[in-house]
Each structure stands twice: as C-alpha cells, then as structure tokens.
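Please look over the sequence and the structure shown here before reading the report, which begins with salt bridges and then turns to individual helices and to the surface.

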Amino acid sequence: MKLETKVRQTLKKIKLSTPKGVPSVRGDINTKGKKEKILIALSGGKDSATTAYLLKKFGYDIEGLYIDLKIGKYSEKCLEAVKKLCKNLGIKLHVYDIEKERGAGMCYLRSGVQEKKAKLRNCAICGVLKKWILNREARKLKVNKIATGHNLDDEAQTCLMNVLKGSPKLSFSSGPVTKNISDRKFIPRIKPLFYVAEKEIRKFSKQKKLSVVYNKCPCALDSYRIQVRKFLNTLPEKDKRNILKNFEKIFVKNKKRRKDKVEYCEICGEPSRNNICKMCKLMR
Ligand code: AMP
Ligand code: ZN
C-alpha cells in the first residue's frame, strides 16, 4: 500500500476533520464548519517534514513549531531546513528558542539534571522537555491538535523497550492519537505516520525532495534503544506491526478503564498525572 494511502487511512481512523469546505479523507465535504487547526512539531527531520507535506496536501489547516534546542551546529542546520520546508509548503513557522525561554540550551539543562539523576538518558530528558514545551506553545497558539512525526519503527521500539523493562503498561495507550486524557489544558497529539515504516518515509522524503536534515541528533546516544532498533531491523515489517497490534488489542480490552486523572502541576500549572509534572520534577 502506498505511503499516502496509509496516512489517509490513519487520519480516517482517528476521525480528523478537515477545514470547512475541504474534502475529507473519505472524499466528502465537511459542512459542519468544524475547523481544526493542527500544529506540526517540526524537528528538521524527514518524519515531521513528511507529516507536514501530507497534511498540507490533504487540505488541513496547519502551522509548524520548531523547538530550537541550541545543540550547536546541528540545531542551526535543522532550523535552516525547517525554514526552507515551511517556505516551500507555505506554512507559518513558529520558533521556540530554548535559551531565551528557559535560560540555557538543551545540553546545559540536561547536564544539570544528570548531575542529580545520573541514570537518566539524554533522549528521555529531552523528550520530557519537548512534550512540555509543545503542549504549552500549542495552547498559546490555540490549535486543536499537535502532530508529530513518530513512525512505525519508533513506536515498535518504544513498545518493545517497555516490555523488556517490565513496564508494558506504559504502552497500553500508545496509538495514532493520545487516549485516556481529556482536559482543557491538554492538547491531543496525533501521529499520522504511526503505521508507516521508517525506510518508506526516507524514500518518500527523497522522492519529494523535502528540505530535511538526515543526520541523527549528536546527543541521541541511547544505547538501549539502538540495540532494540538493531534487533527489530532484523525482522520483517509485519512483525513490527504486530507488536503495535498487540497493544491496540490490549487497549480495546481495557477500554472501560476510567480516564487517567489529570491534575495541574503545583509549580508550572501544566496538566500532569501527579501534583508535580515530569518537567518540574527534572528541573527541581
Ligand atoms: P524524536 O523524539 O527526536 O524521535 O522526534 C519525534 C518527533 O518529535 C518528531 O518527528 C517531531 O515531530 C517532534 N520533534 C522532535 N524534535 C523536535 C524539535 N526540536 N522541535 C519540534 N518538534 C520536534
Ligand atoms: Zn510543572
């Protein structure tokens, strides 16, 4: 199946409505007037660039957000790529400058955390910060959803890592749209490439000549994820898909589970599962 068709089907599955007057994934026109604005989290990589390209092509109302983590030359190159992508696609770009907003670049902030919590991996810390920033900025920009470029490989790796670490529950709500959380301060996240393999996206982004940085982040040194990725890459794509399917089945069985309780962080006011959010716990 073509990459575009897979993404259309995913959007249909998560019932993402198109702006008024634009044909929906099924081909019918949205006449109810519901207009969803989607913020694409653009990293400069091929996955989020492909997400932006397709959602724009399908007629969605989108804007982009680049979080400038100030990881030296790498962040500069990514910013250039994102600016060019948005110019080519005609998308409004917002840039969040971490030095201006949080007082320092990601490497400095992260080493501060690791001085206290040495075990925490680079990507885990960066991931918590990025999620926090994305939700806050998306709310400020009054968008209805956030779209990220997570793909089939990313998701299968995460699920398998959770199983291997003895925390399969963490994957129960994995899927192309955030589940179990409903709160006015929480902006739902969607993953239009959830069922698309990384190598297909690479090929697609090259065919479409998207403005993209293909190098990995120099701080992505999570050896465990690299090990799991290597293992999964020895298996056929079908097996990766099955890992995700398992969790979807488990989720359906647990559907009656009550919605996760949302509190507001006592420090920053952001939605959180506990009285202090993950970001503030790290930064304390
Ligand atoms: P990663 O966590 O680097 O695997 O990235 C997963 C997804 O998060 C990407 O496809 C983007 O949608 C988003 N993302 C990652 N880094 C950034 C960034 N610096 N700015 C905005 N979005 C990002
Ligand atoms: Zn907080």
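## A network of salt bridges

In this predicted model, a network of salt bridges links K46, D47, E198 and R202. Within the network, the side chains of E198 and K46 meet at 3.2 Å, N to O, and this pair links distant parts of the chain, since E198 belongs to helix α8 (residues 198-207) and K46 to helix α2, 152 residues apart. Both partners are buried, E198 with a relative accessible area of 18% and K46 with 8%.

E198 also forms a salt bridge with R202, where the closest N and O atoms are 3.4 Å apart. Here the two residues both lie in helix α8, four residues apart, or about one turn of the helix. In general, an α-helix has 3.6 residues a turn, so residues three or four places apart point the same way. R202, at 31% relative accessibility, counts as partly exposed, whereas E198 is buried.

## A second buried pair

The structure holds 18 salt bridges, and another of them joins K191 to E155, with the closest N and O atoms 3.2 Å apart. Because K191 lies in the loop between β5 (189-190) and α8, while E155 lies in helix α7 (residues 152-164), the pair ties together parts that are 36 residues apart in sequence. K191 is buried at a relative accessible area of 19%, just as E155 is buried at 6%; the cut-off for buried is under 20%.

## Helices α6 and α2

Helix α6, which runs over residues 122-140, has 19 residues and reaches 27 Å from its first C-alpha to its last, close to the 27 Å expected at 1.5 Å a residue. Its buried residues include I125, L129, W132 and I133, and also the charged residue E137. Just after α6, K142 takes a positive phi of about 55 degrees.

Y53 is found in helix α2 (residues 46-57), and it is buried, with a relative accessible area of 18%. Computed along the sequence, Y53 and K261 are 208 residues apart, and in space they are 35 Å apart, C-alpha to C-alpha.

## A positive patch on the surface

On the surface, K116, K117, K131, K278, K281 and R284 gather in a patch of positive charge. One of these residues, R284, is found in the segment after α11 (278-283), and R284 is exposed, with a relative accessible area of 57%.

Terms used:
Residues are numbered from 1 along each chain as its sequence is written. Chains are lettered from A and ligands numbered from 1 in the order in which they are written. This is a predicted model: local features need pLDDT of at least 70, side-chain atom pairs count only at pLDDT 80 or more; totals for chains, interfaces and linings use all residues. Side-chain values use heavy atoms; hydrogens and water are left out. Patches are made of residues with over 30% relative accessible area and no salt bridge: like charges are joined within 9 Å, nonpolar side chains (Val, Leu, Ile, Met, Phe, Trp, Tyr) within 5 Å. Accessible areas come from the Shrake-Rupley method with a 1.4 Å probe; for residues, only the protein chains shown count as cover. A salt bridge is a side-chain nitrogen of Lys or Arg within 4 Å of a carboxyl oxygen of Asp or Glu. The place of a charge is taken as NZ of Lys, CZ of Arg, CG of Asp or CD of Glu. Buried means under 20% relative accessible area, exposed over 50%, partly exposed in between (1.4 Å probe, protein chains only). The expected span of a helix is 1.5 Å times one less than its number of residues.
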